[in-house]
Amino acid sequence: MRPFLLAAFIPIALADRPATVQDSDWRKENFAGPVPEAIARSKKGHLELVNILGTRRFRHMREVNSVAWSADGKRALSGSQDMTIKLWEVARGREIATWRGHSDAVSSVAFSRDGKHALSGSHDMTLKLWDVATNKEVATWKGHEGPVLSLAISPDGKRALSGSQDTTLRLWDVAAGKEIATWKGHGGAVSSVAFSPDGKRALSGSQDATLKLWDVAGGKEIATWKGHNDPVMSVAFSPDGKRALSGSQDRTLKLWDVAAGKELATWEGHVLSVCSVTFNATGTYALSGSQDKTLKLWDAATGKEVATWKGHGLSVYSVAFGPDGKTALSGSQDATLKHWDVATGKEITAWKGHSLAVYSVASNPDGTRALSGSGDMTLKFWEVAASEQTATGKEIATWRGHRGVVSSIAFSPDGRHALSGSEDASLKLWDVTSGKETATWKGHSLSVYAVAFSPDGRRVLSGSQDATLKLWDLSTGEEIATWKGHSDAVYAVAFSPDGKRALSGSQDTTLKLWDVSTGTEIATWKGHEAAVTSVAFSPDGSRALSGSGDTTLKLWTVATGKEIATWTGHGLSVYCVAFSPDGTRALSGSLDKTIKLWDVATGKEVATWKGHGAAVSCVAFGPDGKHVLSGSRDQTLKLWDVATGKEIAVWKGHDHFVFSVAFSPDGRRALSGSGDATLKFWEVATGKEVATWRGHDLSVYAVALSPDGTHGLSGSGDASVKYWDVATGREIATWKGHQLSVYSVAFSPDGSRALTGSWDATIKLWETGTGKEIATWKGHSGAVSSVVFSPDGKRALSGSQDRTLKLWDVSTGKEVATWRGHKGAVTSVTFSPDGKRALSGSQDATLKLWDVATGKEIATWTGHGDAVFSVGISSDGKRAVSAGGDATLRLWEVATGRELDSILADGGPSSVAICGETVLVGNINTTVTVYRLK
């Protein structure tokens, strides 16, 4: 299912058209050659690509689920979660074409042996046959009652086999597109299918942990092979058809004798699920791809692991040898494809890669090493300092094993062990010296958010989303007790210095003090107005500190449970707190991206450290109190000098989706807002990035430029609105008032007022000069995705997730009318230049034209194959442009509702703005593209 993207359109007056870019560097960087014709120009020539602001690179917008080679090795196919299939020229790494047609994730792709056709299977329950030469869809095959997970084409090209979540296999006649037979027998989803080299046999692997061998002609089940302990994810025949290979979620590969159905060997090495397996053309080697992000090359005769190839940032879902066996291709959850040299194991080409947020950090007892836990499901072991004078930040090792975000980590008091808690509901114990996983403890029913060692290192405490705490015996891994009392998720736990008491913080806004020996709840401390996200005891155990979503820290007396003081200063939620080793200082990290150092005795803020680009998720003092390590949602760790507050080192970086775009009044500059929490200011003609404006803590969903071009406005997932000075890029003010994400912003025609729409279902009217909130308009029952002023500034229009549009009187704030008609969320609204008409776009894939005076629906425009994310009307009111989830821009004639033209917007368009004859498009793939109307 496509995520619900919200984007704002800001109508701007007519302006000069930007000059055509002569420098072709952007074309080379984004396409590695000539721009594909389908992307460069629309079908009828009314839309032409002028420029790309930012870098597209070679990648799908989401996970790559499947890859396949053409028989001659010159081309490759990839199928992605983004619902597209891409055809690649392997030698140059050039994308030849993108095929669109599926309405859900593409799970599997295959070439016919002659290379003339390709087949794709999708979660939309269909298979599609494609003509490779023309890039056209030849046929759609329907029959499965669940997502198609796997497919294969017979060696002679006459038959195709598909496996589905509906537990069946279906055999198809390729020429006729007809279903020949349905094979039943598996007790779970069929995740992989393969034909034998002679085409007489077929093999299937299933979620029921079995493999089945089938007679193709008769459709009879010949045998069932059992041996795996978990679902079978992939199967493959050897080139001579005598052996078969399977990969499973149990982390193993198994080699089978096809004739006897006997298991010949089990190959172990991967630390997570084996997602894909294949043989090379001679059958001497096998290749596997795993959820552990690696590929492994195996000697097929001995079962020995020849090499491990690392490079992907997330699970490797698909692997394939090149026809000559000298190269291989892999597709990954990180949205990239990688081309490998088999002999050396070196990566020949890569089409992007990434990692995810750092949620937890910890220092070992002597401060020389550090451990970090991330959203990419790994832990990383770091060298903090090679000596007392040198901070290296060198990555020593990556530990893999969890199947979810690593949300909490801790070192044992002796530094020999480490513990991690994950959203996969498990805890893992690690040997620090070897990096090996010693044990996995299961017991919680939901995510583990917090872990802590007792001072003597003999016990462990964990807190979970299931609202419980569990006490564990370190030596045996046994669960000693479960403590119940909180009414919601437990986000933080800590032992007292003597190990006799424990403290927990919860989503229920309370802290609880526990007797460790009996598991009895001693007291409940109340005071915070939002979730308690972090807790810590002072070194002497007499005091405790808590951080909360209410933006405050509270200092408590442990003996009495009395609140000593409340420290304020952070602008957003406090995610983490820590005492210095001597107890005189305290640290806090916040969603506002800052770290604050506090004087415990006075409660005064000593310093604020800025540097992280997103929420600070975790902080830790070094043992000597001189250094601090912080981890952030910006995917970096930072090492700080406590005395000076200076950043000593930084590890890593990131970027993200573009959610919104707007033109300057003269059309020469543009503003974009992104999921990386920044705004970028661009020179449209050259594509040059003029400036990056930082200040928001979460995704920037909406942007606008004032009518005179001197100021900018942005709305963010952090629930704030920021007012900017365009000339300097300086943040003038932050407007707070909304309770949830701000998805739409708009200036009044004279620039004196602004409107904002939010996920909290309200619209707010602001005075731009003072930042004063004039009024809050209520009426929608769902998120407000789009707001716009009428050209005369007297009326305003809003679109909402509740499927309605509302017309408002700006002076009184009264709701004038509600317009109904859309069958899905209204994602974008705009007025015609004369204010007599309004246009709306919706998740129901339609646009609707409205008569503003009467509120009557004039017409419904259809054509998009997926949700309409953004709409805009040209300055003369004669044409309109829409951006859709079907990855197209469509041009419409307003008077007739006729679709004039369309073009593939290759970046995944989410927002559009029109200025004169120029169209600006913000894309999911991080770029902003510029088109000319002709």
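Author: A salt bridge here is a side-chain nitrogen of Lys or Arg within 4 Å of a carboxyl oxygen of Asp or Glu, and in this predicted model K296 forms one with E305, their closest N and O atoms being 3.0 Å apart.

Reader: Are K296 and E305 buried or exposed?

Author: K296 has a relative accessibility of 7% and counts as buried, whereas E305, with a relative accessible area of 37%, is partly exposed.

Reader: And how many salt bridges does the structure hold?

Author: The structure holds 25 salt bridges, and one of them joins the side chains of E48 and K934, with 3.7 Å from N to O.

Reader: Which parts does that pair tie together?

Author: E48 lies in strand 1, residues 47-53, and K934 in the segment after strand 84, which covers 928-933, so the pair ties together parts that are 886 residues apart in sequence.

Reader: What about the burial of E48 and K934?

Author: E48 counts as buried at 15% relative accessibility, while K934 counts as exposed at 52%.

Reader: Which residues are linked with them in a network?

Author: The network of salt bridges links E48, R932 and K934.

Reader: Changing topic, what does the secondary structure come to?

Author: The protein has 2 helices and 84 strands, and of its 934 residues 61% count as buried.

Reader: Okay, how is strand 18 paired with strand 19?

Author: Strand 18 and strand 19, residues 243-248, pair in the antiparallel sense over 5 bridges, and within that pairing A236 has L245 in strand 19 as its bridge partner. The two strands form a hairpin with 5 residues between them, and in the turn G241 has a positive phi of about 75°.

Reader: How many residues of strand 18 are buried?

Author: Strand 18, residues 232-237, is mostly covered, with 5 of its 6 residues buried.

Reader: Last one: what is the strand order in the open sheet of 4 strands?

Author: The order is 70-71-72-73, and the pairing is antiparallel. Strand 70 (784-789) and strand 73 (815-820) are the edge strands, each pairing on one side only, and neighbouring strands of this sheet are turned by 20° against each other on average, direction ignored.

Reader: And how many bridges join strand 71 to strand 72?

Author: Strand 71, residues 795-800, is joined to strand 72, residues 804-809, by 5 bridges, and the bridge partner of G799 in strand 72 is L805.

Technical notes:
Residues numbered from 1 in each chain as written. Predicted model: local features only at pLDDT ≥ 70, side-chain atom pairs only at ≥ 80, totals over all residues. Heavy atoms only, no water. Buried < 20%, exposed > 50% of the residue type's maximum accessible area, 1.4 Å probe, protein only. Pairing = 2+ DSSP bridges. Axes fitted to C-alpha atoms, helices over the stretch in contact; angles between N-to-C directions.
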